[in-house]
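Hi,

Here is the model we talked about, ready for you to open. Have a look at it first, and then read on for what turned up.

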Amino acid sequence: MSSVTLKNICKKYDSKVVIDNIDLEIKDKEFIVLVGASGCGKSTILRMIAGLEEISGGEILIGDKKVNDIPPKDRDIAFVFQSYALYPHMTVRENIAFGLKMRKVAKSEIEKKVKEAAEILNLTEYLDRKPKQLSGGQRQRVALGRAIVRNPKVFLMDEPLSNLDAKLRVQMRAEIKKLHEKLQTTFIYVTHDQTEALTMGDRIVVLDKGIIQQVAAPEEIYNNPANTFVAGFVGSPQMNFINAEVENNSIKFGDTTFYLNNLPDCKKITLGIRPEKMVCNGEIKLKAKVDMYELLGSEKIVYFNIQDSKCSAKLPPDYEIGEYIDLSISPQDIYLFDFESGKRI
């Protein structure tokens, strides 16, 4: 059993709290993704699970075993780093086998495991090459191979694709997902790229400043964000946020007023609208002036201001800078957030 449980985990550097009392249960064989901006604590959590970083409080369990005081080499985990960390003077075969040799595994067993890992990762024809003779994607596969031969309970991956170009990242995302399906073990994956998180994870953990904001399946994170941070972080372009006034079941911002049933008893509210929902055939009408745009072939991301809020919409490529456009929104496409706390209403 390779579940991972974090109980009230805390990490401090002197008086600075970087991980604030986190509770998280990662299921056996689950592919879970920790996502957030740089400095949010996601890599620190991974390193604490690995034993590379001391925890300041709480408990970490791998399976049913508490591992707080167990050294990294005895936790039965494999860590794939952002840098490939390959030995340049060794061949692919020797790099993959290195950890097993250090553990004095029998030579026949090493050969068998290296062969199996190479076949899984399509590296068989490169086994006698040195890392400098490989592409970035091939080097990352070698790093994965070194982890696979360990047959660990848990795979930990810290932004393993960040050094690759865009096309190769897409390819490697698919390969890592296939690898998870083949190995049927627990994967904990760290990234700052919300596209990676949405396409790879069974569940996503969204972090901000050392605090978990939401844990849910990708579709739930996208369609039902818990607060403005999650709503703004997940989605490209990010969700539009517009501050509005509330009175007698009506919402007003700028020259626009519309009615919604069961509005909260408050004077101000924050509206959230996805750029793809800023269309030209909804019930709530808006007019905006194009400030700039990004051409994406068959469509443009058009940027404009509504009141004091910078907003965007995905539209056909017919609009130019300075042009006024007529937009509209359907009430069912509007998210409501508390103006003060940012929590979803």
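**Charges over rings**

Let me start with Lys300, which sits over the face of Tyr293, 3.8 Å from the ring centre. Before you read too much into any of this, bear in mind that the model is predicted. There is also an arginine to look at: Arg274 lies over the face of Tyr222, at 4.1 Å from the ring centre.

**Aromatic pairs**

Searching the whole structure gives 9 aromatic pairs. Take Tyr87 and Phe98: their ring centres are 4.8 Å apart and the planes meet at 55 degrees, so this pair counts as tilted. The two residues are 11 apart along the chain, with Tyr87 in the loop between β6 (77-80) and α2 (92-102) and Phe98 in helix α2 itself. As for accessibility, Tyr87 is partly exposed at 32%, and Phe98 is partly exposed too, with a relative accessible area of 23%. Elsewhere, Phe31, Phe155, Phe187 and Tyr189 come together as one aromatic cluster.

**Helix α5**

I spent some time on α5, which runs over residues 166-183. Its 18 residues reach 26 Å from the first C-alpha to the last, close to the 26 Å expected at 1.5 Å a residue. At the start of the helix, a side-chain oxygen of Asp165 comes within 3.2 Å of the backbone nitrogen of Lys167. Just past the other end, Gln184 has a positive phi of about 50 degrees.

Which residues of α5 are buried? They are Leu168, Met172, Arg173, Ile176, Lys177, Leu179 and His180, so you will find an arginine, two entries down from Leu168, in that list as well as a lysine and a histidine. The cover over these buried residues includes strands β3 (31-35), β7 (154-158) and β8 (186-191), along with helices α3 (107-120), α4 (136-148) and α6 (194-200).

Gln171 is also in α5, but with a relative accessibility of 39% it counts as partly exposed. Its C-alpha is 8.8 Å from that of Gly137, a residue 34 places away along the chain.

**The cores**

The largest nonpolar core has 45 residues, and those with the most contacts inside it are Ile96, Leu144, Met157, Ile176 and Tyr189. The element that gives the most to this core is α4, with 5 residues. Another core lies apart from it, with 29 residues, including Val18, Ile45, Phe79 and Val190.

If you want one residue to centre the view on, try Leu144. Leaving out anything up to four places away in sequence, Leu144 touches Val80, Leu121, Met157, Met172, Ile176 and Leu179. Three of those names should be familiar from α5, where Met172, Ile176 and Leu179 are among the buried residues.

**A buried asparagine**

Last stop: Asn227, in the loop between α7 (218-223) and α8 (228-233). Is this residue buried or exposed? Asn227 counts as buried, because its relative accessibility is 11% and the cut-off for buried is under 20%. Its side chain reaches the backbone nitrogen of Val230 at 2.9 Å. Setting aside neighbours within four places in sequence, Asn227 is in contact with Gln213, Phe337, Gly342, Lys343 and Arg344.

Cheers

Note on methods:
Residues are numbered from 1 along each chain as its sequence is written. This is a predicted model: local features need pLDDT of at least 70, side-chain atom pairs count only at pLDDT 80 or more; totals for chains, interfaces and linings use all residues. Side-chain values use heavy atoms; hydrogens and water are left out. Helices (H or I, at least four residues) and strands (E, at least two) are DSSP runs, numbered from the N terminus. The expected span of a helix is 1.5 Å times one less than its number of residues. Buried means under 20% relative accessible area, exposed over 50%, partly exposed in between (1.4 Å probe, protein chains only). Contact means heavy atoms within 4.5 Å. A polar contact is a pair of N or O atoms within 3.5 Å; within protein, one must be able to donate a hydrogen and the other to accept it, and residues adjacent in sequence count only if both atoms are side-chain atoms. A nonpolar core is a set of buried Ala, Val, Leu, Ile, Met, Phe, Trp, Tyr and Cys residues joined through side-chain atoms within 4.5 Å. Rings of Phe, Tyr and Trp (its six-membered ring) pair if their centres lie within 6.5 Å; planes under 30 degrees apart count as stacked, over 60 as edge-to-face and the rest as tilted. A charge sits over a ring if NZ of Lys or CZ of Arg is within 6 Å of the ring centre and within 35 degrees of the ring normal.
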